[in-house]
Amino acid sequence: MIQILLVEDDENISFGIKAALKRKEYACTSCTTIEEAKRVFTDSFQLVLLDLNLPDGTGYEFCSWVKERSQMPIIFLTVRDDVKDITRGLDMGADDYITKPFHIAVLESRIAAVLRRIGSEQNTEEKKGLLSCGNIQLDTEKMQAYLDGSPVDLTALEYRLLYVMMENKGRTLPRNLILEKLWDAEGNFVNDNTLTVTVKRLRKKLLDTKYIVTIRGIGYRMEECV
């Protein structure tokens with residue numbers, strides 16, 4: 001059974017989330033403070049749902065604490081909808097960011113997307129060198145992309161961009177994080193305008209694929225279910 005750690009100090013929200021997770025047959029352990037969350041945290045959890053405003057600190061603090069110990073995925077749940085707050089959380093390694101109020105179905109969908117990504121990464125360890133999203137495949141050993149089984153001719157930059165997004169499938173990637181990962185072998189920086197153009201060209205070569213999703217004001221996400 002999937003184990004989820006919920007860190008949320010609003011009792012009504014916590015109750016609703018736990019009830020929804022139970023219906024989906026997830027096991028949920030809830031905490032109301034960072035201190036309590038640190039006490040119960042173990043590697044047996046597969047996902048953390050984390051409120052940003054907590055009685056004894058911020059979700060950012062607990063996110064950093066978790067990422068120092070584990071690569072466990074984290075989804076922020078918060079009333080803060082400022083782009084700076086969102087990108088800060090994502091830059092720290094959070095996998096997604098959901099602003100309150102939200103429909104429980106949206107949360108369930110985001111949880112499922114993150115868990116699919118975890119499963120995909122585990123399968124990739126078993127089948128090294130192969131990444132997939134819908135009808136797009138990437139053979140990282142041959143450095144070749146495929147669409148419906150047919151090779152797609154990509155530039156080096158387009159290939160690296162597709163690799164970064166497919167490696168993080170289901171995770172929202174801020175533009176600045178993508179840019180950091182796209183430094184070329186000579187250390188030449190890829191600027192923001194180049195990223196926009198490269199995404200546009202990559203989508204066109206993948207026949208206007210629906211799997212590369214633009215997250216307005218933040219970045220992009222490779223998502224299998226859109």
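Which residue just after α4 takes a positive phi? In this predicted model, that residue is G93, whose phi is about 115 degrees. The points below look at helix α4, then at a three-stranded sheet with the helix that lies across it, and lastly at a hairpin.

**Helix α4**
- Helix α4 covers residues 83–91, and within this stretch D85, I86, T87, G89 and L90 are buried.
- The elements that cover these buried residues include the helix α3 (59–67) as well as β6 (74–78), β7 (96–99) and β12.
- At the start of α4, the backbone nitrogen of K84 has a side-chain oxygen of D82 within 2.8 Å.

**The sheet of β12, β14 and β13**
- These 3 strands make an open sheet in the order β12-β14-β13, and their pairing is antiparallel.
- Because β12 (173–174) and β13 (212–215) stand at the edges and each has a single partner strand, one side of each is left without a neighbour in the sheet.
- Between β13 and β14 (residues 219–222) there are 4 bridges in the antiparallel sense, and V213 has R221 in β14 as its bridge partner.
- Helix α6 (residues 156–167) lies across β12, β13 and β14, and it runs at about 65 degrees to β14.

**The β8–β9 hairpin**
- Strands β8 (residues 130–133) and β9 (residues 136–139) run antiparallel and are joined by 4 bridges, with S132 standing opposite Q137 in β9.
- The two strands form a hairpin with 2 residues between them, and G134 in the turn has a positive phi of about 60 degrees.
- Side chains alternate along β8, where L131 and C133 point to one face and are buried, whereas L130 and S132 point to the other face and are not buried.

Terms used:
Residues are numbered from 1 along each chain as its sequence is written. This is a predicted model: local features need pLDDT of at least 70, side-chain atom pairs count only at pLDDT 80 or more; totals for chains, interfaces and linings use all residues. Side-chain values use heavy atoms; hydrogens and water are left out. Two strands pair if DSSP finds at least two bridges between them. Contact means heavy atoms within 4.5 Å. Axes are lines fitted to C-alpha atoms, for helices over the stretch in contact, and angles run from 0 to 180 degrees between N-to-C directions. Buried means under 20% relative accessible area, exposed over 50%, partly exposed in between (1.4 Å probe, protein chains only). A polar contact is a pair of N or O atoms within 3.5 Å; within protein, one must be able to donate a hydrogen and the other to accept it, and residues adjacent in sequence count only if both atoms are side-chain atoms.
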